[in-house]
Amino acid sequence: MNDKVTLMKGNEALAVAAIRYGADGYFGYPITPQSEVLEKLEEEMPWETTGMVVLQAESEVAAINMVYAGASCGKTVLTSTSSPGFSLMQEGMSYMAASEVPALVINVMRGGPGLGTIHPSQADYFQAVKGGGHGDYRLITLAPASVQEMVDFVALGWDLAFKYRAVSMILADGVIGQMMEKVVLPEQRPRHTEEWIRENCPWAVNGRKGMRPKNIITSLELDDDKMEENNHRFQATYREIEKNEQRCELINTDDCDYLIVAFGSMARISHKAMELAAEEGIKVGIARPITLWPFPVDAIRKAAQGVKGILSVELSAGQMIEDIKLATECNYPVDLFCRLGGNVPAPDEILNALKEKLVNKLG
Amino acid sequence: MKEEIVIAGFGGQGVLSMGKILAYSGLMEDKEVTWMPSYGPEQRGGTANVTVIVSDERISSPILNMYDTAVVLNQQSLDKFEKMVKPGGVLIYDSYGINTPPTRTDIRIYRIAATEATIEINNSKAFNMIVLGAYLKVKPIVTIENVLKGLKKTLPERHWHLIPMNEEALKKGATLIKE
């Protein structure tokens with residue numbers, strides 16, 4: 001066994017992955033169930049090795065604006081929070097999207113609305129994929145279902161953010177944040193050099209040194225025609241992302257009568273429900289969206305072909321189900337099974353719901 | 001091989017760390033492992049439980065409704081988890097403070113006197129290692145050698161001198177299992 005393989009909590013994995021990617025800075029404010037991200041960063045003390053800044057801000061509002069500032073300089077920066085903290089960050093999210101700066105924002109969701117509970121939830125789906133702040137913008141939204149994906153999606157999130165000059169978001173939940181699993185850690189990458197930033201982020205505000213015209217990062221444009229032009233440019237980028245970046249894992253979908261669509265922890269629990277269903281001779285397949293935006297329309301459509309019905313399994317009162325219906329153009333019966341407010345279903349609950357809502361009705 | 005275990009007791013009994021040591025031991029044997037705690041206020045004195053899954057193959061759900069083995073360390077946990085052991089599965093419980101013993105006949109039940117054993121070896125802190133030793137006697141899913149390796153990985157170097165004491169506790173635990 002090599003020393004890159006270890007056992008880690010999902011939250012700790014996020015922290016280590018950020019250091020190993022060569023992050024320049026983390027700005028955050030503690031909140032359960034993701035406080036281990038900041039704790040692990042403080043423990044690792046990357047400022048003494050890679051030079052990465054780790055700063056506990058005075059609030060989530062401050063943290064997101066520090067990220068906005070760092071990103072505007074072409075730096076590789078991130079923040080992490082949980083649901084109530086993510087609500088506080090929405091103004092900053094909208095500003096960063098309008099300013100076309102690359103950044104990584106992590107939300108390890110807990111039960112809401114309001115301060116709610118500290119236990120797992122997926123009820124910030126709308127907020128993440130439909131735009132929680134004002135204006136027409138989108139976030140590249142990645143949904144990890146394992147501790148390994150917590151590691152991998154930090155790199156993927158930043159790669160996509162820099163590629164499209166967009167904000168990437170990791171939308172996890174308390175289950176994935178709190179559980180420990182085996183992970184393979186990537187090699188330590190060096191932080192981006194000033195030369196790299198000048199070459200790859202010509203828009204960054206990092207001092208022009210008399211070599212180029214002045215760069216301005218702003219979300220304000222009072223000329224309506226120019227602002228419309230900006231919006232068309234944002235939308236063109238979003239269409240490009242929708243075309244290139246849909247990701248979805250399909251499990252047993254080639255020969256199934258029923259399809260479960262679930263992401264994150266719910267995909268894991270549904271997987272077990274699928275195994276239990278197989279023991280009873282019920283053929284179930286799973287489509288696990290990895291990108292929630294762009295929603296993996298093509299994969300879901302393919303997986304749905306020939307099924308009798310679809311069950312959306314969510315820790316929300318039915319948010320992703322709307323995207324499933326849109327993706328499948330309401331050609332199949334789609335029903336919902338959910339638990340709310342921090343409660344998490346066991347595999348048999350999902351199986352029973354599948355039988356009650358689909359198998360017994362549709363045969 | 002796949003073993004789905006729940007360990008449950010009071011916060012402070014070392015439930016979570018026992019699970020963690022087991023998970024690390026699985027890692028040492030190059031198996032897939034998942035450790036899923038109950039988190040929140042129970043860490044500060046209420047009931048705590050942890051699910052540990054050790055498997056040769058990819059692990060699906062970290063949340064389960066039926067377990068191969070339940071290791072329970074108080075009455076509340078026994079009441080909750082006795083019915084969640086798969087038929088033919090294993091239930092191990094510490095006899096201390098148990099007023100209503102388990103009644104199922106379709107599972108293998110082991111009553112161990114782990115609390116008393118801590119007094120015998122004069123080390124109350126080794127409680128969870130005694131229980132782990134008992135568990136591994138019934139279900140030798142990982143070797144004691146790998147448990148000690150896992151322990152070395154979880155403990156900071158300044159505590160490595162405690163490893164022989166833990167080994168003794170594991171061995172003591174194994175003696176508590178009577179067929």
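A residue counts as buried here if 20 or more other C-beta atoms lie within 10 Å of its own. Keep that cut-off in mind, as the tour leans on it. The model on your screen is predicted.

**Stop 1: chain A as a whole**

Select chain A. By that cut-off, 52% of its 363 residues are buried. Colour by secondary structure and you should find 14 helices and 14 strands. The C-alpha atoms occupy a box of roughly 75 × 55 × 40 Å along the principal axes. The radius of gyration is 21 Å, which agrees with the value near 21 Å for a compact globule of 363 residues. Now look at contacts between residues at least 6 apart in sequence. In chain A, 79% of them join residues at least 24 apart.

**Stop 2: chain B as a whole**

Switch to chain B. This chain has six helices and six strands. Trace the elements from the N terminus and the order is β-α-β-β-β-α-β-β-α-α-α-α. The C-alpha box is roughly 45 × 40 × 35 Å, again along the principal axes. For 179 residues, a compact globule would have a radius of gyration near 16 Å, and the 15 Å of chain B agrees with that. Of those 179 residues, 46% are buried. Among contacts with a separation of 6 or more, 61% are between residues 24 or more positions apart.

**Stop 3: the nonpolar core**

Show both chains again. The largest nonpolar core holds 170 residues. Select A:Ala18, A:Val67, A:Leu78, A:Ala103, A:Val167, A:Leu259 and B:Val131, which touch the most other members. Domain 1 (5–194) and domain 2 (248–362) of chain A each supply at least three residues to this core.

Centre on A:Leu259. Which residues does A:Leu259 touch, leaving out those up to four places away in sequence? They are A:Thr253, A:Gly285, A:Ala287, A:Ala303, A:Ala304, A:Val307 and A:Ile310.

**Stop 4: helix α5 of chain A**

Select residues 90–99 of chain A, which form helix α5. Buried residues here are A:Gly92, A:Met93, A:Tyr95, A:Met96, A:Ala97 and A:Ala98. Add α3 (60–72), β5 (103–109) and β7 (167–173) of chain A to the view; they are among the elements that cover these buried residues. Then step just past the helix to A:Glu100, where phi is positive, at about 55°.

**Stop 5: A:Met169**

Stay with strand β7 of chain A and pick A:Met169. Is A:Met169 buried or exposed? This residue is buried, because 28 other C-beta atoms lie within 10 Å, above the cut-off of 20. Beyond its neighbours within four places in sequence, A:Met169 contacts A:Val105, A:Asn107, A:Ala128, A:Leu139, A:Ile140 and A:Thr141. For a distance check, select A:Gly157. The C-alpha atoms of A:Gly157 and A:Met169 are 6.8 Å apart, with their positions twelve residues apart along the chain.

**Stop 6: strand β8 of chain A**

Select residues 180–184 of chain A, strand β8. Four of the five residues of β8(A) are buried, so the strand is largely enclosed by the rest of the structure.

Look for its partner within chain A. Strand β1 (residues 5–9) pairs with β8(A) in the antiparallel sense, over five bridges. A:Val5 faces A:Val184 across this pairing.

Now look for the partner in the other chain. Two bridges join β8(A) to β2(B), and the strands run antiparallel. Label the facing residues. A:Met180 stands opposite B:Trp35, and A:Glu181 stands opposite B:Thr34.

**Stop 7: the side of chain B that touches chain A**

Finish at the contact between the chains. Here 18 residues of chain B are in contact with 20 residues of chain A. On the chain B side, two elements give two or more residues: α1 (15–28) and β2 (32–37). Which element gives the most? β2(B) does, with six residues. Colour this side of chain B by residue class to see eleven nonpolar, five polar and two charged residues.

Definitions and conventions
Residues numbered from 1 in each chain as written. Chains lettered and ligands numbered in written order. Predicted model: local features only at pLDDT ≥ 70, side-chain atom pairs only at ≥ 80, totals over all residues. Rg over C-alpha atoms; globule rule 2.2 N^0.38 Å. Buried ≥ 20, exposed ≤ 12 C-beta atoms within 10 Å, placed from the backbone. Contact = placed C-beta atoms within 7 Å. Core = buried A, V, L, I, M, F, W, Y, C linked by C-beta atoms within 7 Å. Domains from an automatic or database assignment. Nonpolar A, V, L, I, M, F, W, Y, C, P; charged D, E, K, R; others polar. Pairing = 2+ DSSP bridges.
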